[in-house]
Amino acid sequence: MATTKTAAKSEPQVKVTKPRAATKVKVQAEDDATSLVPTALTTLAESLENHLIFSCFKTAVIATPRDWYSTAAYTVRDHVIERWVKTAENYYAKDPKRIYYLSLEFLIGRMLTNAALNVGIKDEVSAGLSALGRKMEEAVEMEPDAALGNGGLGRLAACFLDSMATMDIPATGYGIRYEYGMFKQSIENGQQIENPDNWLRYGNIWEFQRPEATYDVKFFGKTVQFTTENGVEHRWVDAEHVVAMAYDVPVPGYDTATVNNLRLWSAKATREFDLRSFNEGNYEKAVEERNDTESISKVLYPNDSSASGRELRLKQQYFFVSASIQDILRRFKSAHPMNKLEDWKLLPEKTAIQLNDTHPSIGVAEMMYQLVDNHDLSWDFAWGLVVKIFAYTNHTLMPEALETWSIDLFGKLLPRHLEIIYEINQQFLSMVNHQFPGDTDLLRRVSIIDETHGRRLRMAHLAVVGSHTVNGVAALHSELLKTTLFADFDRIYPGKIINVTNGITPRRWLNQANPELTQLIATAIGDGFKKDLTELTKLTPLADDADFRKAFRAVKRTKKAQLAAKIEKLTGVKINNESLFDVQIKRIHEYKRQLLNVLHVITLYNRVRKGCQSITPRTVIFGGKAAPGYWMAKQIIRLINDVASIVNNDPAVGDKLKVIYYPNYEVSAAEILFPGSDLSEQISTAGTEASGTGNMKMALNGALTIGTLDGANVEIMEEVGIDNIFIFGLTTPEVASTKANGYNPWDYYHGNAELKEVLDMIAGGFFSVEEPARYQAIYDTLLHKGDNYLLLADYASYIAKQDEVGAVYHDIEEWTRRAILNVARMAKFSSDRTIGEYAKNIWHVASIKR
């Protein structure tokens, strides 16, 4: 590959050497594991040079930014793979009980920086790239976010994988290798536009295809019965077949030799290409089967507003669950020969399956199908195993959010599993009837089959019945599960429903997202907090140290400047870095009440226009995606952007108020937004949010929270203290009482002049002059349709608390003191603590170090 002399003079040169293993030295780790690291920077730099040549087939002269990313990723991957192989060998040798975490989403984000940090070579990689004339930050920007999830559910799953690896817990995550994410969001004319998120366009350096790990997954067909010496048996016949192929992604733990596995399934056709149809000129038919099959793993969350979309969603769920359970049983049998029936009793002693929400709950029926139909166990024996293996995490309190499937669709797609669920339900209802004789209404309420809404399968009920433990994800949420949503099940299975409050990994959300704050903390108290977040409590006295407060503010200014620069690049809006950064970033949904935040923005705007001088300069930042079929959520996005257009261009406002919609909110965006936030908006209607984890991430990065007593906000308040959080609004009992007593939003409209003015501006077209009635539906939802999420009832309390926020921010020393205390008191919200509780109270597993 020839280059010009001019280029050669101006570009770093690469000495081509033979590929070789890097020289390494043994280092004794805390757990007596032997880790391998380069002897010197030059060794790692040579590894970078080698990968640039031999993995990317480039020289430094012609290498693109993507080549430099690949070079760095391959280099870090080498260090990860060695640990990965030895971890697998260690597990097979020690044969521990294994955890299998089934989730339809895993929002793992970018891997390069995270992996380099966790294996302890980030600084060396950065220096090595610098020696070659490149910056690591530029390489990192070339890595796409892995589009394997949409929101908190997937981010939580990723945090749990990180903690399980860091804590040396033998675990495997199972999900789907989506070719396209949900969508890549852009904002055009104020509206959300959904674009394909082809995150695999350039391949994925971090994944390993496993052609040997393939399983047959069936759909459609019919069932037949026949009698043998063992009784009546069932077989699923005439089915369509899909091949599930595994792709493995390493999950390195922090400061440990353990690297666990995330196994993702991709759908492959049993017949890739119909040559006869092709030769006949029917080119579409020639690839029809392949296209139909591979659509299963094509897109995250296909729009389910159509019958075909609903069918595809159910296919996705069964596809990954079936492949995963077949893989789990294959691994178990390979380590434990099944010579007699009694040998199967070992299965729950070696296997724990956690269902992350209702999406994988079909796993209960699938395990029965595999054990009874394919391994010839008796029904009662198999069921005794199943209920010792599964546990279920519930993530919602809203009945409409609990997944159900029509009997017709389910029976057409999975005929044998419908029979199995019928049998599970019959035996369950018989048990309930024996325990509570004559209570037919109870039987109707708890039945897995909902007979009142067109005969549907209640998948949450299947998960509860088939699991030994059900957990909520915050103390309030778990209590409400026992008293409302699953109250009947709590009577039937006392003690089955427990709480495990969610947590976040400090490796991603502090070490990686905020290295400046990480360094400040490490300098002050040592770096033990990276693996033991309880160490952060040592910061408490430093909240009263003027020098530390000054250093803390300097870090926050740096992160705000970085965020402001990113916002200007994405939106063209220049913001005041000294203003209060008021941030609400999460999935757009009515119950999360982004609309209440908009009402406050308009209230502030009106005050500025009227000459109010006491307003604290504020930049209000929104971000999040609306589901493609969720019209009202999309209207809220459009309103935010229309309000922003008016506010940001009003010369009377200037830097006193700016409104930003941060497009395409994803993990890498969150890593910029959380550290740059001053105020964390957690304002859902009390009793609707299960937990939330954005609240934890923002507080860990030094933001103060304004929120209702909902989800994990309650526990955050208990940890940081009522004086260091801004709580407003109705409580959960007050919400129920308000609705029960005939809530009338018009009373609040007529009783609050500022609120009336804001709503009239929205309905009257102030923010949509070219289409005055654009937001009539929002106005009607709040006033004519009952204001289901009680925005108007909480408005006055919210505005008053926001006024308090502004006043406290004026006293920057006091604000900083409170912010430091928030960081210092976040120990409870580490996902390490969360996983420790799962391991002890649900899975009954121990760490397996090497």
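Start by selecting helix H7, residues 152-166: with 4 residues, H7 gives the largest share of the lining of the largest cavity. Keep in mind as you explore that this is a predicted model.

Now add helix H4 (112-119) and strand S10 (240-252), which also give two or more residues each to that lining. How many residues line the largest cavity? There are 16, and those lying nearest its centre are Ile-108, Asn-114, Ala-158, Val-251 and Arg-508. Show their side chains to find the spot. The space inside is about 200 Å³. Colour the lining by type and you will get 9 nonpolar, 3 polar and 4 charged residues.

This is one of 5 cavities of 30 Å³ or more in the whole structure. For the second largest, with a volume of about 100 Å³, select helix H11 (307-335) together with helix H3 (65-94) and strand S3 (98-102). H11 supplies 4 residues, the largest share of the lining here. Next, pick out Asp-95, Arg-98, Arg-331, Phe-332 and His-336, which lie nearest the centre among 13 lining residues. That lining divides into 7 nonpolar, 2 polar and 4 charged residues.

Our last stop is a sheet. Select strands S14, S16 and S15, which stand in that order in an open, antiparallel sheet of 3 strands. Strands S14 (404-406) and S15 (449-450) are at the edges with a single partner strand each, so one side of each has no neighbour in the sheet. Zoom in on S14 and strand S16 (residues 456-458), an antiparallel pair joined over 3 bridges. Which residue of S16 stands opposite Thr-404? Click on Arg-458 to see the partner.

Note on methods: Residues numbered from 1 in each chain as written. Predicted model: local features only at pLDDT ≥ 70, side-chain atom pairs only at ≥ 80, totals over all residues. Heavy atoms only, no water. Pairing = 2+ DSSP bridges. 1 Å grid on protein atoms, 1.4 Å probe; cavity = no way out; pocket = protein on both sides within 12 Å on 5 of 7 lines; lining within 4 Å. Points joined across faces, edges and corners; volume = space filled by probe spheres on them. Nonpolar A, V, L, I, M, F, W, Y, C, P; charged D, E, K, R; others polar.
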